[in-house]
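Welcome! Here is a short tour for anyone meeting this structure for the first time. Take a look at the sequence and the 3D view, then read on.

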Amino acid sequence: MLDHRLKVARKASKLTQEQLAAKVQTTKGTISNYENGYSTPSNEMLVLLAKILNTSTDFLLGSSDIMNNDEKEFLEFANNPSLQKWYKELPKSKEEDLEKLRMMWEIIKTDQNK
């Protein structure tokens, strides 16, 4: 599991084995061995790989299917029942109401940046 997930996380980060190896101060061959299941990283290396790849050790080890924090935040948002109801009603709205909603969202974003 670790071998496959490490490769998935590396590719999602748009890194080559060589680039990842440089970031964690090891060799391309070591990363290749991890990804092909020939060896496993130490606990310290696993934590470092997770940090560099913007994921969790739980994802790399197969304890979680959530690859990164953005995905976790989105799932929490998407699973909110009141937001689900709002989202389901949204496509039924008139275009002019949707435009008002977009304008309101821009106002909110602007206020947050102050």
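Let us begin at Gln-17, a residue of helix α2, which covers residues 17-23. Keep in mind along the way that this is a predicted model. Gln-17 has a relative accessibility of 15%, so this residue counts as buried, the cut-off being under 20%.

**Gln-17 and its partner Glu-35**

- Which side chain does the side chain of Gln-17 meet in a polar contact? The partner is the side chain of Glu-35, at 2.7 Å.
- Glu-35 belongs to another stretch of the chain, helix α3, made of residues 28-35.
- With a relative accessible area of 7%, Glu-35 is buried, and Gln-17 is buried too, at 15%.
- Once neighbours within four places in sequence are set aside, Gln-17 touches Arg-10, Lys-28, Ile-31, Ser-32 and Glu-35.
- The matching list for Glu-35, again without neighbours within four places in sequence, holds Asp-3, Leu-6, Lys-7, Arg-10 and Gln-17.
- Arg-10 appears in both sets of contacts: it is in contact with Gln-17 and also with Glu-35.

**The chain as a whole**

- How many helices and strands does the protein chain have? There are eight helices and zero strands.
- Read from the N terminus, the order of elements is α-α-α-α-α-α-α-α.
- The radius of gyration of the protein chain is 20 Å, whereas a compact globule of 114 residues would come out near 13 Å.
- Along the principal axes, the C-alpha atoms take up a box of roughly 60 × 30 × 20 Å.
- Of the 114 residues in the protein chain, 21% are buried.
- Consider the contacts between residues at least 6 apart in sequence: 46% of them link residues at least 24 apart.

**Surface and charge**

- About 8,600 Å² of the protein chain is exposed, and carbon and sulfur atoms account for 53% of that area.
- The protein chain carries 17 positive and 17 negative charges, and the mean positions of these two sets lie 2 Å apart.

**Around the end of helix α5**

- Helix α5 covers residues 57-61, and Leu-61 is part of this helix.
- Leu-61 has a relative accessibility of 48%, so this residue counts as partly exposed.
- Leaving out neighbours within four places in sequence, Leu-61 is in contact with Met-1 and Leu-46.
- Leu-61 and Gly-37 are 24 residues apart along the chain, and 13 Å separates their C-alpha atoms.
- Gly-62 sits in the loop that runs between α5 and α6, the latter being residues 69-78.
- Is Gly-62 buried or partly exposed? Its relative accessible area is 30%, which makes Gly-62 partly exposed.
- How far apart in space are Gly-62 and Met-1? Their C-alpha atoms are 6.2 Å apart, even though 61 residues separate the two in sequence.
- Beyond neighbours within four places in sequence, Gly-62 is in contact with Met-1 and Arg-5.
- Met-1 is therefore a shared partner here, in contact with Leu-61 and with Gly-62, where contact means heavy atoms within 4.5 Å.

**Two loop residues with positive phi**

- Most residues other than glycine have a negative phi.
- Gln-25 has a phi near 55°, a positive value in a residue that is not glycine.
- This residue, Gln-25, is placed in the loop between α2 and α3.
- A relative accessible area of 75% makes Gln-25 exposed.
- Asn-54 is not a glycine either, yet its phi is positive, at about 55°.
- Where is Asn-54 found? Asn-54 is in the loop between α4, which is residues 43-52, and α5.
- At 45% relative accessibility, Asn-54 is counted as partly exposed.

**Leu-90, between α7 and α8**

- Leu-90 is located in the loop joining α7 (81-89) and α8 (95-112).
- Its relative accessibility is 21%, so Leu-90 counts as partly exposed; the buried class is for values under 20%.
- Apart from neighbours within four places in sequence, Leu-90 is in contact with Leu-98 and Leu-101.

Notes:
Residues are numbered from 1 along each chain as its sequence is written. This is a predicted model: local features need pLDDT of at least 70, side-chain atom pairs count only at pLDDT 80 or more; totals for chains, interfaces and linings use all residues. Side-chain values use heavy atoms; hydrogens and water are left out. Helices (H or I, at least four residues) and strands (E, at least two) are DSSP runs, numbered from the N terminus. Buried means under 20% relative accessible area, exposed over 50%, partly exposed in between (1.4 Å probe, protein chains only). A polar contact is a pair of N or O atoms within 3.5 Å; within protein, one must be able to donate a hydrogen and the other to accept it, and residues adjacent in sequence count only if both atoms are side-chain atoms. The radius of gyration is taken over C-alpha atoms; the globule rule is 2.2 Å times the number of residues to the power 0.38. Accessible areas come from the Shrake-Rupley method with a 1.4 Å probe; for residues, only the protein chains shown count as cover. Lys and Arg count as positive and Asp and Glu as negative; His and the chain ends are not counted. The place of a charge is taken as NZ of Lys, CZ of Arg, CG of Asp or CD of Glu.
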